[in-house]
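Trainee: I would like to know how the labels on a model like this are earned. Can we take them one at a time?

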Amino acid sequence: MGVSGTLEYLSEVLSNVKKSKKKKQIATVSIKIRMDCEGCARKVKNALSKVKGAKSVDVDLKQQKATVTGFVEPKKVLKAAQSTGKKCEIWPYVPYSMVAHPYAAGVYDKKAPPNFVRATTDPSVAHLDPVEEQYSLMFSDENPNACNIM
């Protein structure tokens, strides 16, 4: 058996070794779910705690929000929440300060919790163009000469 035979043997042995699975990263999944009372909140919490890999479940009845932390996947958490029979979706809101035009159509939501707006991928709404940015900085509270301009 020469060098080529040894190389073939080693490549065959290495290819037969099972690759280990990647370890899941710890994740936080938030869900907007319709809850009316403490009984609904308890039902949702019980259903979400049964998700494989869930370490903690927090339910906020006031914001209609459930948060699952652990080694979970968003699709599985959503499916477990839907099994309660409640209307639910992945948490669609972002903080008010993350969006350039929070009162634009499609972003402003009356049902959003305080200081939150709907997330958007529309670049014209999500970011200021250079001219808008220049004007907003001109009249900003951080600009010491803003009162002189007005």
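Mentor: Start with a cut-off. A residue counts as exposed when its relative accessible area is over 50%, and as buried when that area is under 20%. Keep in mind that this is a predicted model.

Trainee: What makes Pro 114 count as exposed?

Mentor: Its relative accessibility is 65%. The cut-off is over 50%. Therefore Pro 114 counts as exposed.

Trainee: Where is Pro 114 found?

Mentor: Pro 114 is in the loop between strand S5 (93–95) and strand S6 (116–118). In sequence, Pro 114 and Gln 63 are 51 residues apart. In space, their C-alpha atoms are 9.0 Å apart.

Trainee: Now the opposite label. Why is strand S3 called largely enclosed by the rest of the structure?

Mentor: Buried means under 20% relative accessible area. In S3, residues 65–70, 5 of the 6 residues are buried, so the strand is largely enclosed by the rest of the structure. For the whole chain of 150 residues, 28% count as buried.

Trainee: How do you know that S3 pairs with S1?

Mentor: Pairing needs at least two bridges. S1 and S3 have 6 bridges, in the antiparallel sense. One residue pair shows the register: Val 29 stands opposite Val 68 in S3.

Trainee: What makes S2 and S3 a pair?

Mentor: The bar is again at least two bridges. Strand S2, residues 54–60, shares 6 bridges with S3, and the sense is antiparallel. Ala 54 stands opposite Gly 70. Asp 58 has Thr 67 as its bridge partner. Val 59 has Ala 66.

Trainee: How many residues lie between the strands in the hairpin of S2 and S3?

Mentor: There are 4. Gln 64, in this hairpin, takes a positive phi near 60°.

Trainee: Why are S2 and S4 called edge strands?

Mentor: Take the sheet first. It is open, with 4 strands in the order S2-S3-S1-S4 and antiparallel pairing. S2 and S4 each pair on one side only, and that makes them the edge strands. From one strand to the next, the twist averages 25°.

Trainee: Which strands does helix H2 lie across?

Mentor: H2, residues 38–49, lies across S1, S2 and S3. It runs at about 160° to S2. Angles here go from 0 to 180 degrees between N-to-C directions.

Trainee: How many helices and strands does the chain have?

Mentor: It has 6 helices and 6 strands. Along the sequence the pattern reads α-β-α-β-β-α-β-β-β-α-α-α.

Trainee: What share of the contacts comes from residues 24 or more positions apart?

Mentor: They account for 54% of the contacts with a separation of 6 or more.

Trainee: Last, the largest pocket. How much space lies in it?

Mentor: About 300 Å³. It is lined by 13 residues, and the closest to its centre are Lys 32, Arg 34, Lys 87, Glu 89 and Lys 111. Strand S1 (27–33) and strand S4 (88–90) are the elements that each give two or more residues to the lining.

Trainee: Which classes make up that lining?

Mentor: Asp, Glu, Lys and Arg count as charged. By class, the lining has 7 charged, 4 nonpolar and 2 polar residues.

Conventions
Residues numbered from 1 in each chain as written. Predicted model: local features only at pLDDT ≥ 70, side-chain atom pairs only at ≥ 80, totals over all residues. Heavy atoms only, no water. 1 Å grid on protein atoms, 1.4 Å probe; cavity = no way out; pocket = protein on both sides within 12 Å on 5 of 7 lines; lining within 4 Å. Points joined across faces, edges and corners; volume = space filled by probe spheres on them. Buried < 20%, exposed > 50% of the residue type's maximum accessible area, 1.4 Å probe, protein only. Contact = heavy atoms within 4.5 Å.
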